[in-house]
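Biologist: I have the fold on my screen and want the reasoning behind the labels. Can we go through them one by one?

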Amino acid sequence: MDQRQKKQLKHKIRQAQIVSFDLYGTLIFRTLRQPQDIFAWMECAAGMPGLGRERERIQVRAARFYRKTYGVPHPTLCEIYRYWAQQGVSGGRNTAGFYRKLEAWERKLEEELCIPNQAMQEMLAYARQQKKRVIFTTDMYLEKPELERILKRCSLVQYDAIYASSELKKTKYDGTLYDGLLKKENVSPGSILHIGDDRLADVAMAAKKKLCVFWYRDSQADLAESLFADLAKRRCKGAYAPAKAAMDFWYLLGYQVGGPLYMGLCNWLVRTAPKSSIYALSRDGYNIARLLPLFGKRSTRYLLSSRNAWLLPHMTKLGRQELELLPPYSCGQTIREALGCAGLLELPEQEFQKAGFGGYEDVLQSRRDIARMKQVYRNNKRTVLQICARERRYMEQYLCSQGADGKELCFFDSGWHGTSQYLMEHCLQAMRKKCSVHFCYAGMDAASGRHLLRDGSYSAYLNLYLGKKEARRLLSSSAVLELFFSQDAPPLKRYGKDAPVFDSYAGRKEIRAVNQGLFDYVRRNLRVSKAFAPQAAERFGVLALRRLVLHPSRAEAQMIGDLADTDGMSSAAAMKKYIAKIPADSLKRNPFLDIYWEQGVYRHPQNSFGVRLYVWLRQRTASALKKIGSHCRKR
């Protein structure tokens, strides 16, 4: 809440005799994105696919049954599980003990994942200071003793009464809870101020019953601030308060999506490589290097690396495969930008003029231009390979200084296509190092893995919990995934003769906020994660990321989609490239514009219908041609 809103609310509090606070979403926050995520956690802990949806459905059916049979608006949590046990559940675990265990899990999660809203806590303290009677009014299936325990855990003990729908059998949604409240308090409606976030239950229905109301609408910003305050209270070193406005979005994205992802990823890495020292490759492994020590994996080292820095050292010849790996990879770049990515700016401008280009500043506008540029590499094979040999010597010096030249090496990389492993293995071969190399990836495109890593040893976290088609769809949006696998620092350009050389970098506050959010999540919830089944965190870590990439909200599609020049997107000064926003004029200038996040394009509010239709037709055509090509190869 900003100062103007606080001033307005304080004025209303002074005018009231009784101040009523809604609980969930107003006075208390769940740290998960939505309440149903608790059911997803239980599903992962039980290892029973579909249990979360079954829990949601059973609540609706139990409410219908209790309303029809007993005339109450909804059942309590205990009654929901009693009804569920009578109905049974798929999976052959229809025992009373199983349902008691599920209920205990849900109660524990409800308690552990709640934090106080610092802004409303301040307003509550102000109401007490003004000698007002403070009550809590909530529609909730948790019983009153459970709510009291949660409030005590959140240090919210300065209140006079709780009016809960689970106890009174009345709700705010139909207004009956307000009737019960007025009867018990025995005051006129206008003397009560009710504060809540739900437009219907807390505002419309309360106003209908003649109560004074305050519609609370700043939950996202206040949640970010409250998370920081909660972590500061727990003395988590390195936490900082997220900036206001847009930074709240990025911090919560890191906390609610990146946090579960890294909790699962770290658990998986500890299980996959229990004895190996892990070299986390920069910048993808920045968060892994910070978080793995919390899981007892202290032999983790952060290794400076990049595709560009490894690209030239791995080349001892210039065949078709090597030419495919050299930039440019897409249209829109100038020749100078592509050469800068490749580390081949030493090639003279005249060589490109011989191939029909005007010079370094020419923009590559078609596939034909890309092919012509790669022909220039081929024509200057000797010069290119001399540069490769020099860069290989510098790389070898750095790896030796970091101890990354032993017999058995384990690396962590975000993955997607396996290029880093392919380059590293060939670099070590070119250096004549006899090493056993294993890569642990966040995710790996199966087709790319088969193509580049035919004999490579690797494992991938996301692929373990996703089907092949779903994994392919998820990994096709790597520009979104890399928001969680980056560092707000310059990327490595070359190893250099005396010291590493870094590329230019403007800095990204968004990446810094995402990283802080996910780090705070792991620090705060590590104890909760260990209380459940060992692989529960691994399963749960995939769910939020899958939801974000495949089913984004409009706000997520716009905020993320408006980012330009993020990791994984070829820099092009001649044409700005966004993750999901596609201006119509950009599409006209380059119909082959890369699509970085298909679902984000469809959900982005600024993309026209024509742009969305074009992208849909283009993606479906590409998919059909790919299937036809695959079928022909099999025949």
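Biologist: In which sense do β11 and strand β12 pair, and over how many bridges?

Modeller: This is a predicted model. In it, β11 and strand β12 (residues 457-460) run in the parallel sense, joined over 4 bridges. One bridge joins H438 to S457 in β12. From β11 the chain passes through helix α21 (residues 446-452) to β12, a right-handed β-α-β crossover.

Biologist: What makes β11 and β12 count as paired?

Modeller: Pairing takes at least two bridges. β11 and β12 have 4 bridges, so they pair.

Biologist: Which sense of pairing do strand β10 and β11 show?

Modeller: Parallel, over 8 bridges, with β10 covering residues 408-416. E408 faces S436 in β11. Here the chain goes from β10 through helix α20 (residues 419-430) to β11, and this β-α-β crossover is right-handed.

Biologist: Why is strand β11 called mostly covered?

Modeller: β11 spans residues 436-444, and 7 of its 9 residues are buried. Buried means under 20% relative accessible area.

Biologist: How do you know that C440 is buried?

Modeller: C440 has 1% relative accessibility. The cut-off is under 20%, so C440 counts as buried.

Biologist: How many disulfides are there?

Modeller: The count is 0 disulfides. Take C427: the nearest cysteine sulfur belongs to C388, 9.6 Å away. A disulfide needs the two sulfur atoms within 2.5 Å, so C427 is in no disulfide. C427 is also buried, because its relative accessibility is 0%.

Biologist: Why is C440 in no disulfide?

Modeller: For C440 the nearest cysteine sulfur is that of C410, at 3.9 Å. The limit is within 2.5 Å, so C440 is in no disulfide either.

Biologist: On to the cavities. How many are there of 30 Å³ or more?

Modeller: The count is 2 cavities. The largest cavity holds about 80 Å³ of space, and the second largest about 30 Å³.

Biologist: What lines the largest cavity?

Modeller: It has 14 lining residues, with Y578, K581, I582, L593 and D594 nearest its centre. By class they are 9 nonpolar, 1 polar and 4 charged.

Biologist: Which residues line the second largest cavity?

Modeller: W41, L109, L113, Y521, N525, V528 and S529. Helix α25 (residues 509-530) gives the most, with 4 residues.

Biologist: What makes that lining 5 nonpolar, 2 polar and no charged residues?

Modeller: Trp, Leu, Tyr and Val count as nonpolar, and Asp, Glu, Lys and Arg as charged. N525 and S529 are in the lining, and they count as polar because they belong to neither of those classes.

Note on methods
Residues are numbered from 1 along each chain as its sequence is written. This is a predicted model: local features need pLDDT of at least 70, side-chain atom pairs count only at pLDDT 80 or more; totals for chains, interfaces and linings use all residues. Side-chain values use heavy atoms; hydrogens and water are left out. On a 1 Å grid over the protein atoms alone, a cavity is a set of points where a 1.4 Å probe fits but cannot get out, and a pocket is an open set with protein on both sides within 12 Å along at least five of seven lines; lining residues have an atom within 4 Å of a point. Grid points are joined across faces, edges and corners, and a volume is the space filled by probe spheres set on the points. Helices (H or I, at least four residues) and strands (E, at least two) are DSSP runs, numbered from the N terminus. Buried means under 20% relative accessible area, exposed over 50%, partly exposed in between (1.4 Å probe, protein chains only). A crossover is right-handed if, with the strands pointing away from the viewer, the path from the first strand over the helix to the second runs clockwise.
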